[in-house]
2 protein chains.
Amino acid sequence: MLDLWYSEYHTEDVRFSIGVTRHLHSEQSPFQQIDFFQSDTFGTFFTLDGLMMVTEKDEFAYHDMIVHPAFATNPDIRRVLIIGGGDGGTAREVSRYPGVESIDMVEIDERVVRLCQQYLPQTAGQLDTDERIHLYFEDGLAFVRQAPAESYDLILVDSTDPVGPGEGLFTVDFYEHCYRALRPEGILINQHESPYYEQYAREMKRAHQKIRQTFPVVKIYEFHAPTYPSGHWLFGFASKSLHPVKDARLDQWKSLGLDTRYYNAGLHQASFALPTYVQQMLDDHE
Amino acid sequence: MLDLWYSEYHTEDVRFSIGVTRHLHSEQSPFQQIDFFQSDTFGTFFTLDGLMMVTEKDEFAYHDMIVHPAFATNPDIRRVLIIGGGDGGTAREVSRYPGVESIDMVEIDERVVRLCQQYLPQTAGQLDTDERIHLYFEDGLAFVRQAPAESYDLILVDSTDPVGPGEGLFTVDFYEHCYRALRPEGILINQHESPYYEQYAREMKRAHQKIRQTFPVVKIYEFHAPTYPSGHWLFGFASKSLHPVKDARLDQWKSLGLDTRYYNAGLHQASFALPTYVQQMLDDHE
């Protein structure tokens, strides 16, 4: 029997490994190393520069949590910008809202999208069937710099870690242009790393500090992402005016009748309640 | 440089590994294989039959969450029974409440306690300094069978998985004797496995089903335990009468002024809000 293991080092001395039944694809794009794998427990999964991105088994948790809390805060979101998210899972969840008129998705690496369309239809299947989705294969920072003022209700930053292609998406310049591109009730959600291992906690604190320089409302929420380092993962919620808990319109969201495997209205407020040590790390930078 | 790795298989094809700087101790007790290790990221940690139990880095999360939600529901708890918990971390957190009069701790394996006193004073340090703590090296099921009726306000089941020495602590017989031994406002908290990997989810559902046969109030709450399989871990809250959210006395709990690194009053209700798929797994058995 084939004995093949994919491993990610979460620190120099912490390693998470998955038995691979087939290495489906490997290529070096202009931006990064892309690999697709098959496994028994996680189904198909893919990595960028060796780091875990998406598995069939648990992508629903990540994609539910990056999308639905914003819509439960403002169910009238019409125009959405997704930065990154080449696997298509974020666009898939956004496209479930009938009120959404347009979804601009800006992914720097077209190869990620094309390979996910081939190997991960579970996440990428909507990308060429929903006419509201517009794909741009460009740099996210450059795109948002040129976006008209007050042109989006929601910006979702579905990025890799702040090294390599994702680096520009963790800068004050980027957050300021997001602010400018958002309407008065606009919301920014960003991939916000993790509080547990030191290297990730440092990036979490740096991102938080920068977003607080730019937006008046800045909150952090958490969820379980078992295939990411430590499984304790965060998103940032920033907005020009709306508070994610006080202004939430959960009844209106529930009336949409969306089936969601991870997110639910009861989890909305709960996900913004953080362990003491996480809150203290964030407060240290306030 | 020494290249030594401890690994736990979370499934047959999922492996979590920690670089070990020193294998501090290894012995076969009458009940299980006990090993203590030193590592850079987690500090000292120990395993039973090769499975991760406690690390210096994150034991605070587990011990906060097994103890404090019960006390925030009923801050007047006086008499406590701990089943298992040989590392002493649970007793340490209970002993922080000045109102507690007596802590009976029943650990089947004295060697776990003695070795934790030697290698893990961070968790075991209180065991011989707090006179309210009474140690019994006995089988937990046998102990609770002989306990007088209505003799405890709180029973904490800090057990291993339901294989090996922990098996009897996941039976209807055990839960029924816990019920009998609890006062009318009594609370039972138990280690409740995880919803993520199939084998653990099966044990989670079985335990839930059994406890529901016995107690009128049964709720599940979750927290982040990065060194346990998937990091998505649960405790069960069962009681004869008190509801953990509706009857919570958070202001009274806050007035005690305990510093807690993970638990806080804001997290209390939040931890009982479960992802949809977890709630559905539990409902299937109701």
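In this predicted model, strand 2 of chain A and strand 2 (residues 14-19) of chain B run antiparallel and are joined by 5 bridges. One pair can be picked out by name, for Ser17(A) has Arg15(B) as its bridge partner in strand 2 of chain B. As a general point, the strands of a sheet pair through backbone hydrogen bonds, in either a parallel or an antiparallel manner.

This strand pairing belongs to a contact between the two chains in which 28 residues of chain A meet 28 residues of chain B. On the side of chain A that touches chain B, at least two residues each are supplied by strand 2 (14-19), helix 9 (265-271) and helix 10 (276-283) of chain A, and the largest share, 6 residues, comes from strand 2 of chain A. When the residues of that side of chain A are divided by class, 11 are nonpolar, 13 are polar and 4 are charged.

Within chain A, the domain assignment gives domain 1 (5-55) and domain 2 (59-283), and the centres of these two domains, taken over C-alpha atoms, are separated by 23 Å. Their contact draws 20 residues from domain 1 of chain A and 21 residues from domain 2 of chain A. On the domain 1 side, the elements that give two or more residues are strand 1 (5-11), strand 3 (22-28), strand 4 (33-39), strand 5 (43-48) and strand 6 (51-55) of chain A, with strand 6 of chain A giving the most, 5 residues. That side of domain 1 of chain A, where it touches domain 2 of chain A, comprises 11 nonpolar, 7 polar and 2 charged residues.

Turning to chain B, we find an open sheet of 4 strands, in the order 3-4-5-6, with antiparallel pairing. Strand 3 (22-28) and strand 6 (51-55) of chain B stand at the edges, and because each has a single partner strand, one side of each is left without a neighbour in the sheet. From one strand to the next the twist averages 20°. At one end of this order, strand 5 (residues 43-48) of chain B is joined to strand 6 of chain B by 4 bridges, the two running antiparallel, and here Phe46(B) stands opposite Val54(B) in strand 6 of chain B. Helix 3 (residues 110-119) of chain B packs on the sheet, where it touches strand 3, strand 4 (33-39) and strand 5 of chain B, and the direction of this helix makes about 15° with that of strand 4 of chain B.

Conventions. Residues are numbered from 1 along each chain as its sequence is written. Chains are lettered from A and ligands numbered from 1 in the order in which they are written. This is a predicted model: local features need pLDDT of at least 70, side-chain atom pairs count only at pLDDT 80 or more; totals for chains, interfaces and linings use all residues. Two strands pair if DSSP finds at least two bridges between them. Axes are lines fitted to C-alpha atoms, for helices over the stretch in contact, and angles run from 0 to 180 degrees between N-to-C directions. Two residues are in contact if their C-beta atoms, placed from the backbone, lie within 7 Å. Domain bounds come from an automatic or database domain assignment. Ala, Val, Leu, Ile, Met, Phe, Trp, Tyr, Cys and Pro count as nonpolar, Asp, Glu, Lys and Arg as charged, and the others, Gly among them, as polar.
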